[in-house]
Amino acid sequence: MLSIRANSKLCSPRQASQLGRVVSPLIQTPIHGHSAGWRIASIYQTQHSQPRSFSTSSVRPLRDFFPSKETELIRRTPPAWPHHGYTEQEMLEVQPAHREPKTIGDWVAWKLVRLCRWGMDLATGLESDQQVDMKHPTTATKTSKPLTEGQWLVRFIFLESIAGVPGMVAGMLRHLRSLRRLKRDNGWIETLLEESYNERMHLLTFMKMCEPGPFMKFMILGAQGVFFNAMFFSYLISPRICHRFVGYLEEEAVHTYTRCIREIDEGKLPKWTDEGFLVPEMAVTYWHMSEGKRTMRDLVLYIRADEAVHRGVNHTLGNLNQKEDPNPFVSDYKTGHEGQKPNAALKSTGYERDEVIGH
Ligand SMILES: [Fe+2]
Ligand SMILES: [Fe+2]
């Protein structure tokens, strides 16, 4: 295992950038007399059995956030929602896309997501030449300067810590509504909860690769506090707009991972294309990653396909009658209409109501 750690105290900005980590003004802002540390310490698992450090100063060992716990009786705890898997073809067919806003609600959702992306780019210190063509922010992936591995990890972790919230809020609120109105839910709750579970698996996978500093943890805490409450009240008022918002957020996620794959393919992320780099064991288990298909690129392909599913699901749910319509993604179709069963990954802009429910 090779351990790399970036901290404005541990190495100079130049050294840190050489190691492929984030050096933004935010990292170096002192808070209460010590380095604020939007610090990322990245684990690059290699064939070496002994830990080594690239840092020029002493480094405490990287903490495992969730080491597997040995108990007297339990052998292992498999995922409650096993991953359904994808073929390679399905994963390669995923493309960044954008659903044009059609209603005022769509427009509000889209602008909110744009605002979030702007804030994210600002907070993570993205340079102007690291930006894509902002006329096509969710589909253009070409830039003149790549992100470093450290910048990617900061982006992934922040994005995933946010992305796991809406499915849980929506699932919880629909669950409570079903209880208090004494009505069935028609299959939405499980899909929504599974989505938040899947997002948390993305987050936990990246957490096996790095350790955020205190400033980043604080940002995640603050963002969750704001986002959870905003989503809770918004979902009570307009679940349709909330699903549209999540659909747009997932467009961003597909875009982010597509750009990352592009930079891996262009050889711009050498730490992740290094032959010795191994993806975390939990990712291999969760996605059933086959032997010989366990590179960072393979992992990002799986995660991007998950995001494409969330994108298609939420854009579709945003088109349905929230109170009456069944969840088309888990429904059996009547004889002669089996072919109309939707596949969320293939429908980047979501299905219109007529296509999956009928008139
Ligand atoms: Fe995700
Ligand atoms: Fe997602």
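**A guided look at a predicted model**

Student: Where does Asn 186 lie?
Tutor: Keep in mind that this is a predicted model. Asn 186 has a positive phi near 70°, in a residue other than glycine. As for its place in the chain, Asn 186 sits in the loop between H5 and H6.

Student: Is Asn 186 buried, partly exposed or exposed?
Tutor: Let's use its neighbours: 17 other C-beta atoms lie within 10 Å of Asn 186. A residue needs 20 or more to be buried, and 12 or fewer to be exposed. The count for Asn 186 therefore makes it partly exposed.

Student: Which residue just after H5 takes a positive phi?
Tutor: Most residues other than glycine have a negative phi. The residue to look for is in the loop between H5 and H6, and with 6 C-beta neighbours inside 10 Å it counts as exposed. Its phi is about 55°, and the residue is Leu 182.

Student: How far apart are the end C-alpha atoms of H5?
Tutor: Helix H5 covers residues 149–181. At 1.5 Å a residue, its 33 residues should span 48 Å. The model agrees with that, as the end C-alpha atoms are apart by 49 Å.

Student: At which residues does UniProt place the feature "transmembrane region"?
Tutor: There are two spans to look at, and the record behind them is an unreviewed entry. One is 100% helix and 0% strand, with its end C-alpha atoms 33 Å apart. The other is also 100% helix and 0% strand, with end C-alpha atoms 29 Å apart. In that order, UniProt gives the feature at residues 152–173 and 218–237.

Student: Which residues have the most contacts inside the largest nonpolar core?
Tutor: This core has 62 residues. Among the elements that give two or more residues to it are helix H5 (149–181), helix H8 (239–265) and helix H11 (296–317). The residues with the most contacts inside it are Leu 153, Phe 245, Val 300 and Ala 305.

Student: Which residues does the UniProt annotation "binding site" cover?
Tutor: The annotated residues span 112 residues in sequence, yet no two of their C-alpha atoms are more than 10.9 Å apart, so they gather at one spot. The annotation comes from an unreviewed UniProt entry, and it covers Glu 199, Glu 250, Glu 307 and His 310.

Student: Which residues does Glu 250 touch, leaving out those up to four places away in sequence?
Tutor: Glu 250 belongs to helix H8. It counts as buried because it has 27 C-beta neighbours inside 10 Å. Beyond four places in sequence, Glu 250 touches Glu 307, His 310, Arg 311 and Asn 314.

Student: And which residues does His 310 touch, with that limit of four places in sequence?
Tutor: His 310 is found in helix H11. With 26 C-beta neighbours inside 10 Å, His 310 is buried. Outside the four-place limit, His 310 touches Glu 195 and Glu 250.

Student: Over which residues does pLDDT stay under 50?
Tutor: The mean pLDDT of the chain is 84, and 82% of its residues reach 70 or more. Where pLDDT is low, the predicted coordinates should not be read in detail. One such stretch has 96 contacts beyond four places in sequence, and another has 38. In that order, these stretches are residues 1–38 and 43–60.

Terms used
Residues are numbered from 1 along each chain as its sequence is written. Chains are lettered from A and ligands numbered from 1 in the order in which they are written. This is a predicted model: local features need pLDDT of at least 70, side-chain atom pairs count only at pLDDT 80 or more; totals for chains, interfaces and linings use all residues. A nonpolar core is a set of buried Ala, Val, Leu, Ile, Met, Phe, Trp, Tyr and Cys residues joined through C-beta atoms within 7 Å. Helices (H or I, at least four residues) and strands (E, at least two) are DSSP runs, numbered from the N terminus. UniProt positions are given in the numbering used here, feature names are shortened, and annotations may be inferred rather than shown by experiment. pLDDT is the predictor's confidence in each residue, from 0 to 100. Two residues are in contact if their C-beta atoms, placed from the backbone, lie within 7 Å. The expected span of a helix is 1.5 Å times one less than its number of residues.
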